[in-house]
Amino acid sequence: MSQDSQHGKWSISSSDDDDEDPLPSSGSSSKPGQAADSNHSSKREPVAAAAVVKSEPNNGAASLLAIGSEARQAAHASQLNPVKYESSPSMAGKRKKEALEDLGWALSDSDDDGAGGEKGKSLRDLPKRSPPSPKAKKVKEERPPSPHGRVYYIDEPQDFFEASVPHLNDTYRFYLNKVTGLDKKFNTGALHIRDILSPLFGTLKESVQFNYCFDIAWMVQQYPPEFRDRPVLIVHGDKREAKARLVQQAQPFPHVQLCQAKLDIAFGTHHTKMMLLWYEEGFRVIINTSNLIRADWYQKTQGMWMSPLFPRLPKGSPASSGESPTFFKKDLLEYLASYRAPELTDWIQRIREHDLSETRVYLIGSTPGRYVGSDMERWGHLRLRKLLYEHTQPFPDEESWPVIGQFSSIGSMGLDKTKWLAGEFQRTLTTLGKSSLLIKRLVYSGGSLPYSIQTAQKQLWLHSYFHRWKADTTGRSHAMPHIKTYMRTSPDFTQLAWFLITSANLSKAAWGALEKNNTQVMVRSYELGVLYLPSAFTFPVQRNPFPVSSSSSGFPVPFDLPPTHYSTKDQPWIWNIPYSQAPDTHGNIWVPS
């Protein structure tokens, strides 16, 4: 089986037995087959994807689509250096090492160089290289902080960060991040990490940062000066060399402590992105999609749920006090207990002492393990299925309501789409109450993916589902979507049946996969998100969500509806094949090592 493209013919293996991809060239610590994200020198950075799952009763075959954005700048350090486009036809065949000598880029023949850079740093923050010699061409000058040159990061204007409590939509408590360079109205009601950690939301005593990627020095600078020495616990999933780099990053900051999440199943990651903030006034939870690196809070589209400020319960309150109608408190405590980490013991007790009853969303987490019996519904997509079954209702013509999934990375799903995507995962996403209608038609939209040729050639059926990333209503069409959202909309895209924001990309590692004739589910990674259901909300779509004001109503979907199908000229981004026939919007071409 083969397919021709501008990149040559793709040969398709006849074997689909292995479920995981081969590793990218050394220098990336992402595991094969996972859909993880990052933007630094030692981890592969994913890019935008989205999906629409839709019933088409009159068509017997599944069809595919893609949501895209501009091509990624980053995969890992030794492969991210773009080649400047020139009209000369000979340019396309040159290795990026040769092409970039005049630009001052220090490139090595070894793919291992670049993996050892300080973890948590993006390409823009990579360390300096040694000087060139006749045998090894390396420049002494400082390496440019990004493929776009030394001035890629621009300083935010003085009024970018809030000086007073911002206008926020307290109905849904769902917010986008601020994006540098946007018209001010598109950042009104959005939040930067510096806003979240500011005294506007409470007098901080301690905090916990759960995440996948860290730049600790940058993270510390986001805390205001008055809170900058308050204790911070970092929960991470790094091992071996990556862990050693993280420990090294933390050394200058004695108030920063580390907690390693247990990852006992191969190819799993600690992908959860959550902040626990303990104030003198109470306690708050932030569940978001951003890594703790500057690039993720700069010019990408990200999202978050910010809890209300939870007050402390009166002393002597019963253990069941402070629970919400969505059982958020119980589920959060259960999720934290799954880490089996002594470092979280005090935080578990603090949460027990606070009143979380105002919470209106449901928590959906994934934790590594193999689960049987009733435990199968505790985590991953079976947890989502259970909540949709219990808290939604079937309605007339429900098969015409599409399910949209928008994510920043895609895992390996194999030659046969019914193995997982069009099987168990589709059944979950299309559950509406007790009807559990099985939709057999799929429309998937994906984007500019950290998608390898090895994965792509095993699932060519996916590529016809792709749609473009387009977010004119939020001003973010050119802000790379690192956000992950799943939702079900009315046929005219004016109402939502439910909405989920999560760290989970489209992969079995994130969502779990059934095993042993559907009697067991296996989950590889830690993930976390919140689900909005009609039992707590009404769901009109807010067509123009910015600027946010006290009169804003409707749910602020982060991208334009309906999604726009790829044209015949569009192709999904594949990180390990060359793009040398034309430049991207920054004048670069891509020639991987």
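Does H482 count as buried or exposed, and what is its relative accessibility? In this predicted model, the relative accessibility of H482 is 1%, and because buried means under 20% relative accessible area, H482 counts as buried. The residue lies in the loop that runs between the strands β17 (480-481) and β18 (485-489).

H482 does not stand alone in the record, since the UniProt annotation "active site", taken from an unreviewed entry, covers both H271 and H482. These two positions are spread over 212 residues of sequence, and yet they cluster in space, with a largest C-alpha distance of 12.9 Å. H271, like H482, is found in a loop, in this case the one between β8 (256-260) and β9 (274-279). The relative accessibility of H271 is 0%, so this residue counts as buried.

A further loop residue to follow is F161, which is placed between α1 (96-99) and β5 (174-176). With a relative accessibility of 17%, F161 falls under the 20% cut-off and therefore counts as buried. When its neighbours within four places in sequence are left aside, F161 is in contact with E156, K178, H192, R194 and D195. The C-alpha atom of F161 is separated by 9.8 Å from that of N187, a residue 26 positions away along the chain.

From these single residues the path leads to a sheet. Three strands form an open sheet in the order β14-β21-β20, and their pairing is antiparallel. β14 (369-372) and β20 (513-515) stand at the edges, where each has a single partner strand, so that one side of each is left without a neighbour in the sheet. On average, and with direction ignored, neighbouring strands of this sheet are turned by 30° against each other. The pairing of β14 with β21 (residues 520-523) is antiparallel and extends over four bridges; within β21, V521 is the bridge partner of Y371.

The chain as a whole gives the setting for these details. Its secondary structure comes to ten helices and 24 strands, and buried residues make up 61% of its 593 residues. Of the contacts in the chain with a separation of 6 or more, 75% are accounted for by residues 24 or more positions apart. The accessible surface of the chain comes to about 23,000 Å², and 50% of this surface belongs to carbon and sulfur atoms.

Key. Residues are numbered from 1 along each chain as its sequence is written. This is a predicted model: local features need pLDDT of at least 70, side-chain atom pairs count only at pLDDT 80 or more; totals for chains, interfaces and linings use all residues. Side-chain values use heavy atoms; hydrogens and water are left out. Two strands pair if DSSP finds at least two bridges between them. Helices (H or I, at least four residues) and strands (E, at least two) are DSSP runs, numbered from the N terminus. Axes are lines fitted to C-alpha atoms, for helices over the stretch in contact, and angles run from 0 to 180 degrees between N-to-C directions. UniProt positions are given in the numbering used here, feature names are shortened, and annotations may be inferred rather than shown by experiment. Buried means under 20% relative accessible area, exposed over 50%, partly exposed in between (1.4 Å probe, protein chains only). Contact means heavy atoms within 4.5 Å. Accessible areas come from the Shrake-Rupley method with a 1.4 Å probe; for residues, only the protein chains shown count as cover.
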